[in-house]
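Trainee: I would like a close look at a single part of this model. Please take the surroundings of the ligand and work outward from there.

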Amino acid sequence: MSHDESPWPRLPVAGLTPMTTLDYPDHLACVVFLQGCPLRCGYCHNPQMLEPRRAAPGEWAEVEAFLERRQGLLEGVVFSGGEPTLHADLPSAAARARALGFKVGLHTAGVYPRRLAETLPHLDWVGLDVKGPAARFDTIVGRPGMGAAHARSLELLLASGIDFECRTTLHWRDLDLASLRRLALDLAEQGVKRYALQVARTGQCLDPAYAQPVADAPPSSELRDLVETLMPAFEHLELRV
Ligand code: SF4
């Protein structure tokens, strides 16, 4: 089926950031946020994007009209959320964005490996959340079976050769420095080259307890020291505060 004959993807669009330099490394990109996420991370600062809904006709067509107006001005399109791989039409939307000349990026928690596998051929870059160590994964995201699904997604990314970054949100209710160190070394051992540590924003959290200070949070100097010691394990390791 040719591009023109294929049906429009149906995607529930929660928002569009028209231009950013932060969401796709080294690229000027827009971000398409898709509604719905099966996870319940306590620190989630987009709780309004969690509830899934059916897409209304024409939502993707509006995004595509925007993309056509930005051809030659933006380099990339990033699908974010929510959890973009929740949606069956993500692969076709990614293919259409690429056919318009954009590089296509994806932010994902990696909990739908089959959908990720279908989308990978249409992607140029992936930011994969790593919510925590395998033993704590399901507790951190509030849903069973997710750690195993995530492990499969990481395998797929490593095997694909696609450019990707792992990123972990640091909230000291979920992690301590020792478990963070083990997690980082485990990722490096598996072959992850690029890793970003992002200190959680606590202004708005799904679980109000996550907005409160954590009594045994490590001092930022100890976190920076840990990052220094982990540097040799990665091609690129970044602390985002
Ligand atoms: S932070 Fe967790 S709950 Fe919130 S959108 Fe991301 S994966 Fe979903």
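Mentor: The residues around the ligand are Cys 37, Leu 39, Arg 40, Cys 41, Cys 44, Asn 46, Met 49, Leu 50, Gly 81, Gly 82, Glu 83 and Ala 109. Sorted by class, this shell has 7 nonpolar, 3 polar and 2 charged residues. The model is predicted, and the positions discussed here are to be read as such.

One residue of the shell, Gly 81, belongs to strand E3, which spans residues 76-81. E3 is mostly covered, with 6 of its 6 residues buried. The cover applies to both faces: Gly 76, Val 78 and Ser 80 are buried on one side, and Val 77, Phe 79 and Gly 81 are buried on the other.

E3 has a pairing partner in strand E2 (residues 29-34), to which it is joined by 6 bridges, and the two run parallel. Within this pairing, Val 31 has Val 78 of E3 as its bridge partner, and Val 32 stands opposite Phe 79. Together with helix H1 (residues 59-69), E2 and E3 make a right-handed β-α-β unit.

E3 also pairs with strand E4 (residues 103-108), again in the parallel sense, over 4 bridges. Val 78 appears here as well, with Gly 105 as its bridge partner in E4. From E3 the chain crosses to E4 through helix H2 (residues 90-99), and this β-α-β crossover is right-handed.

These strands are part of an open sheet of 8 strands in the order E1-E2-E3-E4-E5-E6-E7-E8, with mixed pairing. At the edges are strand E1 (13-20) and strand E8 (236-240), each of which pairs on one side only. From one strand to the next the twist averages 15 degrees. As general background, strands of a sheet pair through backbone hydrogen bonds, either parallel or antiparallel.

Beyond E4, Val 111 lies in the loop between E4 and helix H3 (113-119). Val 111 counts as buried because 26 other C-beta atoms lie within 10 Å, where the cut-off is 20 or more. Leaving aside neighbours within four places in sequence, the contacts of Val 111 are Pro 38, Leu 39, Glu 83, Met 146, Ala 149 and His 150. Leu 39 and Glu 83 are also among the residues around the ligand, and both are in contact with Val 111. Arg 181, by comparison, is 70 residues from Val 111 in sequence and 23 Å from it in space, C-alpha to C-alpha.

Conventions:
Residues are numbered from 1 along each chain as its sequence is written. This is a predicted model: local features need pLDDT of at least 70, side-chain atom pairs count only at pLDDT 80 or more; totals for chains, interfaces and linings use all residues. A residue is buried if 20 or more other C-beta atoms lie within 10 Å of its own, exposed if 12 or fewer, and partly exposed in between; C-beta atoms are placed from the backbone. Two strands pair if DSSP finds at least two bridges between them. A crossover is right-handed if, with the strands pointing away from the viewer, the path from the first strand over the helix to the second runs clockwise. A residue is near a molecule or strand if its C-beta atom, placed from the backbone, lies within 6 Å of it. Ala, Val, Leu, Ile, Met, Phe, Trp, Tyr, Cys and Pro count as nonpolar, Asp, Glu, Lys and Arg as charged, and the others, Gly among them, as polar. Two residues are in contact if their C-beta atoms, placed from the backbone, lie within 7 Å. Axes are lines fitted to C-alpha atoms, for helices over the stretch in contact, and angles run from 0 to 180 degrees between N-to-C directions.
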